[in-house]
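Visitor: I should like to learn how to read the features of a structure, one at a time. May we take each general idea and then its case here?

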Amino acid sequence: MAQLKFIFTGTPNVGKTTAISTISEFEPITTEVATTDNLAAVKSETTAAMDYGEVSLENGIKLRLYGTPGQKRFSFMWEILTEGALGLIILVDNSHANPLDDLDTYLENFSTFIESTGVVVGITRYEHNPTPNLDQYYEHVMQKYGQNYPIFPVDIRKKEDVLLLLDALIATLEVS
């Protein structure tokens, strides 16, 4: 049985664990620890190593889904988790003060991995925070990186939205 590995990344509290939970065939394995820094005002626990879930496709292929820790202090796990992975899904919280800066953080920190694979961007909390809009995201990525990555507003609590991100990522891999 073929197995494909995909990575979800983004800032703390963007919804990586929730996205994997939404589509995983079992309750995801998580490595949550008590939040001890300024993030404690937002959430009581944070991912220290990874989240893990799986989805089996009708053709027998198994998708292995890994969520990275969002905090930079756990960034050593980013490189470990991308080993053997085929693609990256970056989640960006549009309710943050500077979501384009958040996107830059992950595009820059995962740049070596992105050069060898595909990337898709999911914009969370977009429905209540429509600024920046999708055109601004596309313009930003094109001007700064010279790329035209797929970017979608998503509700990561909805299975069809998370599957859209995976479908788009797989499609980008088939083209390249």
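Guide: Let us begin with burial in strand E5, bearing in mind that this is a predicted model. E5 is mostly covered, with seven of its seven residues buried.

Visitor: Which residues of E5 are buried on one side, and which on the other?

Guide: One side carries Gly87, Ile89, Leu91 and Asp93, and the other carries Leu88, Ile90 and Val92. Both faces of E5 are covered, and all of these residues are buried.

Visitor: How many bridges join E5 to E1, and how many pair E5 with E6?

Guide: E1 and E5 run parallel and are joined by five bridges. The pairing of E5 with E6 is also parallel, over seven bridges. Ile89 illustrates both pairings: Ile89 is the bridge partner of Phe8, and Ile89 stands opposite Val120 in E6.

Visitor: Where do E5 and its partners stand in the order of the whole chain?

Guide: The chain has six helices and seven strands. From the N terminus on, these elements follow the order β-α-β-β-β-α-β-α-α-β-α-β-α. Of the 176 residues in the chain, 48% are buried. Among contacts between residues at least 6 apart in sequence, 69% join residues at least 24 apart.

Visitor: How should I read a helix that has a buried side?

Guide: The general idea is that an α-helix has 3.6 residues a turn, so residues three or four places apart point the same way. In this structure, helix H6 is a suitable case. The buried residues of H6 are Asp161, Val162, Leu165, Leu166, Ala168 and Leu169. Viewed down the helix axis, the buried residues of H6 fall within an arc of 155°, so they line one face.

Visitor: Which exposed residues does H6 carry on the face turned away from its buried side?

Guide: That face carries the exposed residues Glu160, Asp167, Glu174 and Val175. The buried residues of H6, in turn, pack against strands E1, E4, E5, E6 and E7 and helix H1.

Visitor: What span should the 17 residues of helix H6 have?

Guide: At 1.5 Å a residue, the 17 residues of H6, from 159 to 175, should span 24 Å. The C-alpha atoms at the ends of H6 are 24 Å apart, which agrees.

Visitor: What covers the buried residues of helix H3?

Guide: The buried residues of H3 include Pro99, Asp102, Leu103 and Tyr106. Their cover includes E1, E5 and E6, together with helices H2, H4 and H5.

Visitor: May we turn to a single residue, Thr82 in helix H2? What is Thr82 in contact with, leaving aside its neighbours within four places in sequence?

Guide: Thr82 is in contact with Ile7, Phe110 and Phe113 when those neighbours are left aside. Thr82 has a relative accessible area of 11% and is therefore buried, the cut-off being under 20%.

Visitor: How is a pair of aromatic rings to be described?

Guide: A pair of aromatic rings is described by the distance of the centres and the angle of the planes. A search of the whole structure finds five such pairs. One of them is the tilted pair of Tyr52 and Tyr66, with 4.9 Å centre to centre and 55° between the planes. Tyr52 lies in strand E3 and Tyr66 in strand E4, so this pair ties together parts that are 14 residues apart in sequence.

Visitor: Are Tyr52 and Tyr66 buried or exposed?

Guide: Both Tyr52 and Tyr66 are buried. Ring pairs also link Phe26 with Tyr52 and Tyr66 into a cluster. In addition, Lys5 lies over the face of Tyr66, at 4.8 Å from the ring centre.

Visitor: What should I look for in the backbone?

Guide: Most residues other than glycine have a negative phi, and most peptide bonds are trans. Here, a cis peptide bond joins Thr131 and Pro132, with omega about 0°. Pro132 is found in the loop between E6 and H5.

Visitor: Where do Asn13 and Arg125 lie, and what is the phi of each?

Guide: Asn13 lies in the loop between E1 and H1, and its phi is positive, near 70°. Arg125 lies in the loop between E6 and H5, with a positive phi near 55°. Asn13 counts as partly exposed at 29% relative accessibility, and Arg125 counts as partly exposed at 32%.

Key: Residues numbered from 1 in each chain as written. Predicted model: local features only at pLDDT ≥ 70, side-chain atom pairs only at ≥ 80, totals over all residues. Heavy atoms only, no water. Helix = DSSP H or I, 4+ residues; strand = E, 2+ residues; numbered from the N terminus. Expected span 1.5 Å × (residues − 1). Buried < 20%, exposed > 50% of the residue type's maximum accessible area, 1.4 Å probe, protein only. Arc of directions from axis to C-beta. Contact = heavy atoms within 4.5 Å. Pairing = 2+ DSSP bridges. Phe/Tyr/Trp six-rings, centres within 6.5 Å; stacked < 30°, edge-to-face > 60°. Lys NZ or Arg CZ within 6 Å of the ring centre and 35° of its normal.
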